[in-house]
Amino acid sequence: MTLKSPKLMEARRAAGVLESALRGHTGDLTLADASARSGLPLRDAESGLHLLVSEYRGHLKATSEGELLFRFPHGFTKPWETRTRLERALGFVLRGAAGVARFVVRAWIAIVLIAYVVIFVGILIAQLLARSSSDSRDHGSFSGSFAGYVLFRMVFDAIFWTFHPFSPFVWTAEPPWSSSSSYERRGAFGQPRDETPFYEKVNRFFFGPTPAPRDPLENEKLILAEIRAQRGRIGLADVMRVTGLSRDEADPMMARLMLDYDGTVDVSEEGGIVYRFEAIRRTAAEAPSRAPAPVWAKREELPPLTGNGPGVNALIVALNGFNLMMSLYALGAHLTLDNLGLLARGVPMAELPATGTAVALGVVPLVFSLALFALPLGRALLRPLKRRRLARRNARRAVLRAILTRIGARQAREPITEAVLQRAWQDAAGEAPRSDSEEITREVVALGGDVDLEAGDGIRYRFPDLETEAKALEAEREAASEDEARPGKVIFSSGA
């Protein structure tokens, strides 16, 4: 396999990744420390660190082993800089404009939803007031005007309390005397107050909860943490254990990481492959590195359909249903913009010309409301499929656990039977694997397993590559020197 030459990251971009990953860190850092925490290759971490030292007045230390230690006494702040009032005012305006732009983009569905509710309620009120005014002239009755006032007041209050959580200017910060561990904001009836803006609840109802952003370098960080915890020597089984990647995915990733982090490959006499990363072990920390949790330690769960409470969902359904019904009414009553102008001038509904198609108040809100109802309905219909997909993913991880925890120099003789793997699959998925172990066989083959023909009864599996790898890793880790992790004695410090 021909490997491409490594591509260098721009120093400014690397510095930005490092600044985010190292924020809050105190003390010295080796190049390997920064690389492991950020997921950047050593060469990119080095260029980014030197740029950060220059920008934030960091300190450099040199050790007897030729290692550089980096320290940022001010963190990633510039207390020596002062900003003028004009700069602060300009920054405030720019941040406000950016916030408004983000709000409009994220809240446009809620804006349209509420806007049509307000328009249709205004039309109903106008009709009621016009009818009550006509009744008063004809019959001298006061009841119609009073009913109109009551309806107007009820609608006004409903719109106010609907818009109140919708407002982007609601103050949600905790009092200065409170702490997140001892204080909790509460609303009516002593229940915890939901500070989520109304437009976010609307978006969650139609599109589902927003998934947490995923770190694109998550797998690299997990592998680097495993390398440091395993004395700089790992195998493909270690990669699969912490990332959940298949063998076909883990193999090319390790080839790339060898280029990025100065790795080498050792092959034992029995053919076990060991990846060595001595450079990434160097650290200024005194405590040993902790191994990341295996991928099967956290079960993947199906997110809720909306993430809202039943009251919020009922409110959104009522608002959208109201718009749907009013759009049908507008189509039947021919509430075109011209007729709407006549209605505003006091012309009764019965006297409006029955011509034209109500596009703005009929077709558009009808299509909009039907589409919004179709979104959560479609997601609800797809939930069983997504649930089965997550169940199979958890089941594959359970099979991976059953195999990897039984492979090792001290556990190589513990049998891996078909019954063991089927039980692991069923416990994780809640149902037996399909097609008479076809899924189990597929997973075994993907991990390089074979049927043990020497087994007396039942089907047993062997994983010769993983077994020889485990033995080679044990020997390599026992022979690994702790001096590889020590940066050396400090012989010069720019901050001294």
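# Close-up views of a predicted model

**View 1. An aromatic pair, Phe 205 with Phe 206.** Phe 205 has a relative accessible area of 8% and is therefore counted as buried, the cut-off for that word being under 20%. The structure shown in these views is a predicted model. The neighbour in the pair, Phe 206, is also buried, with a relative accessible area of 0%. A pair of aromatic rings is described by the distance of the centres and the angle of the planes. The structure holds five aromatic pairs, and in the one formed by Phe 205 and Phe 206 the ring centres are 5.0 Å apart, while the planes make an angle of 90°, an edge-to-face arrangement. Elsewhere, ring pairs join Tyr 56, Phe 72 and Phe 76 into a cluster.

**View 2. The open sheet of β4, β6 and β5.** Three strands are arranged in the order β4-β6-β5, with antiparallel pairing. Because β4 (233-234) and β5 stand at the edges and each has a single partner strand, one side of each is left without a neighbour in the sheet. Strands of a sheet pair through backbone hydrogen bonds, either parallel or antiparallel. Between strand β5 (residues 264-267) and strand β6 (residues 273-276), the antiparallel pairing runs over four bridges. Looking across from β5, the student can find Asp 266 opposite Val 274 in β6, and Val 267 with Ile 273 of β6 as its bridge partner. The two strands β5 and β6 make a hairpin that has five residues between them, and in its turn Gly 271 shows a positive phi of about 100°.

**View 3. Two loop residues with positive phi, Arg 231 and Asp 262.** Arg 231 sits in the loop that joins α7 (218-229) to β4, and its phi is near 60°, a positive value in a residue other than glycine. With a relative accessibility of 26%, Arg 231 counts as partly exposed. Asp 262 belongs to the loop between α9 (247-260) and β5, where it has a positive phi of about 55° although it is not a glycine. Its relative accessibility is 51%, so Asp 262 counts as exposed, a word that applies over 50%.

**View 4. Salt bridges, including the pair Asp 260 and Arg 43.** The count of salt bridges in this model comes to 27. In one of them Asp 260 meets Arg 43, with the closest N and O atoms 3.0 Å apart. This pair links distant parts of the chain, since Asp 260 is in helix α9 and Arg 43 is in helix α3 (residues 42-55), 217 residues apart. Asp 260 is buried at 9% relative accessibility, whereas Arg 43 is partly exposed at 22%. In another salt bridge, Glu 278 and Arg 276 come together at 2.2 Å, N to O; Arg 276 is buried, with a relative accessible area of 18%, and Glu 278 is partly exposed at 33%. Salt bridges also connect a network whose members include Arg 231, Asp 266, Arg 276 and Glu 278, residues that can be looked up again in the earlier views.

**View 5. Arg 462 with Glu 467, and the loop of Gly 458.** The salt bridge between Arg 462 and Glu 467 has its closest N and O atoms 2.6 Å apart. Arg 462 is partly exposed, with a relative accessible area of 37%, while Glu 467 counts as buried at 12%. Gly 458 is placed in the loop between β8 (450-451) and β9 (460-462), and at a relative accessible area of 65% this glycine is exposed. Although Gly 458 and Glu 418 are 40 residues apart along the chain, their C-alpha atoms are separated by 7.7 Å.

**View 6. A nonpolar surface patch of four valines, Val 359, Val 363, Val 364 and Val 367.** Together these valines have about 290 Å² of accessible area. Val 363 lies in helix α12, which covers residues 359-404, and it counts as partly exposed at 34% relative accessibility.

**View 7. The protein chain as a setting for the close-ups.** The chain has 15 helices and ten strands, and 37% of its 496 residues are buried. It exposes about 29,200 Å², of which carbon and sulfur atoms supply 58%. Among contacts between residues at least 6 apart in sequence, 67% join residues at least 24 apart.

Definitions and conventions:
Residues are numbered from 1 along each chain as its sequence is written. This is a predicted model: local features need pLDDT of at least 70, side-chain atom pairs count only at pLDDT 80 or more; totals for chains, interfaces and linings use all residues. Side-chain values use heavy atoms; hydrogens and water are left out. Patches are made of residues with over 30% relative accessible area and no salt bridge: like charges are joined within 9 Å, nonpolar side chains (Val, Leu, Ile, Met, Phe, Trp, Tyr) within 5 Å. Accessible areas come from the Shrake-Rupley method with a 1.4 Å probe; for residues, only the protein chains shown count as cover. A salt bridge is a side-chain nitrogen of Lys or Arg within 4 Å of a carboxyl oxygen of Asp or Glu. Buried means under 20% relative accessible area, exposed over 50%, partly exposed in between (1.4 Å probe, protein chains only). Rings of Phe, Tyr and Trp (its six-membered ring) pair if their centres lie within 6.5 Å; planes under 30 degrees apart count as stacked, over 60 as edge-to-face and the rest as tilted. Two strands pair if DSSP finds at least two bridges between them. Contact means heavy atoms within 4.5 Å.
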